[in-house]
Amino acid sequence: SKNNSFDNPSVYCYDLFCIICYIQNIICEKLKLKKIERIDINDFKGINDTYGHNQSDKALLTVASCLKKAAFKKNCFICRYAGDEFTVVLKESTTETAQNYINTLEEELNKCNNSGDYAMTISLSIGHVQYSEKYITPDEFIAAADQLMYGQKAQHKQHQQELEEML
């Protein structure tokens with residue numbers, strides 16, 4: 001359907017196959033200045049269950065847009081990995097760092113959250129890893145960032161539960 005976020009050019013990001021090929025190239029060339037960011041929308045199921053598919057699609061479009069706005073002019077490869085997960089591969093320079101990317105991403109997301117255009121607040125869990133030769137396959141490189149992302153996601157969930165218990 002035309003409303004499917006995979007078909008929508010405003011959310012278009014490379015797909016899983018492209019990111020695997022891109023990371024395989026990094027591994028073959030041993031590009032040490034590369035970092036991978038694994039990004040997941042916190043409580044995406046809750047957004048979908050509470051606000052419906054239109055709002056969860058809007059959340060996906062918003063995150064994709066923020067990822068693109070935060071991107072460096074070059075050396076930044078963005079992929080919608082699966083569902084509500086994205087992968088970004090960055091080549092750092094002295095001025096373009098992974099931390100700068102994350103800071104800009106958070107600023108862009110805060111602008112969206114504070115705009116009044118959304119029924120919900122969108123937050124992200126992010127895991128990032130520097131490439132090293134210990135990663136023999138793309139899956140190993142991605143898994144290392146995944147582990148950090150899911151750790152951050154668990155911390156977010158625990159914090160949300162503590163806030164709810166206080167109410």
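**A walk through the fold, from a charged patch inward**

Let's start at the surface: Glu 165 counts as exposed, with a relative accessibility of 66%. (Exposed means over 50% relative accessible area, buried under 20%, and partly exposed in between, with a 1.4 Å probe and protein chains only.) This is a predicted model, in which local features need pLDDT of at least 70 and side-chain atom pairs count only at pLDDT 80 or more, while totals for chains, interfaces and linings use all residues. Residues are numbered from 1 along each chain as its sequence is written, and side-chain values use heavy atoms, with hydrogens and water left out.

Glu 165 sits in helix H5, which covers residues 138-166. Helices (H or I, at least four residues) and strands (E, at least two) are DSSP runs numbered from the N terminus. Glu 165 also belongs to a negative surface patch, together with Asp 43, Glu 162 and Glu 164. A patch like this takes residues with over 30% relative accessible area and no salt bridge, joining like charges within 9 Å; Asp and Glu are the negative ones, placed at CG of Asp or CD of Glu.

Asp 43 is a patch member worth a closer look. Asp 43 lies in the loop between S1 and H2 and counts as exposed because its relative accessibility is 52%. Its backbone stands out too: phi of Asp 43 is near 55°, a positive value in a residue that isn't glycine.

Step past that loop and you reach helix H2, residues 44-51, whose buried residues are Phe 44, Gly 46 and Ile 47. Looking down the axis of H2, those buried residues fall within an arc of 160°, so they line one face of the helix; the arc is taken from the directions from the helix axis to the C-beta atoms. Lys 45 and Asp 49 are exposed on the other side of H2.

Now zoom out for a moment. The chain has five helices and four strands, and from the N terminus on they run α-β-α-α-β-β-α-β-α. Of its 167 residues, 41% count as buried.

Some charged residues are among the buried ones, so what are they paired with? The model has six salt bridges, each a side-chain nitrogen of Lys or Arg within 4 Å of a carboxyl oxygen of Asp or Glu. One of them joins Lys 35 and Glu 92, with the closest N and O atoms 3.8 Å apart. That pair links distant parts of the chain, 57 residues apart: Lys 35 is in strand S1 (residues 34-41), and Glu 92 is in the loop between strand S3 (85-91) and helix H4 (98-113). Lys 35 and Glu 92 are both buried.

Arg 38 gives us another pair, a salt bridge with Glu 85 whose closest N and O atoms are 2.6 Å apart. Since Glu 85 lies in strand S3 and Arg 38 in strand S1, this bridge ties together parts 47 residues apart in sequence. Arg 38 forms a salt bridge with Asp 146 as well, at 2.7 Å between the closest N and O atoms. Here Arg 38 in strand S1 meets Asp 146 in helix H5, 108 residues apart. Through shared partners, Arg 38, Glu 85 and Asp 146 join into one network. Glu 85 and Arg 38 are buried, and so is Asp 146.

One last stop is Ser 132, in the loop between strand S4 (124-130) and H5. Ser 132 is partly exposed, at 24% relative accessible area. Ser 132 and Lys 34 are 98 residues apart in sequence, yet 8.8 Å apart in space, C-alpha to C-alpha.

Notes. Patch = residues over 30% accessible without salt bridge, like charges linked within 9 Å, V, L, I, M, F, W, Y side chains within 5 Å. Areas by Shrake-Rupley, 256 points an atom, 1.4 Å probe, with all protein chains shown as cover.
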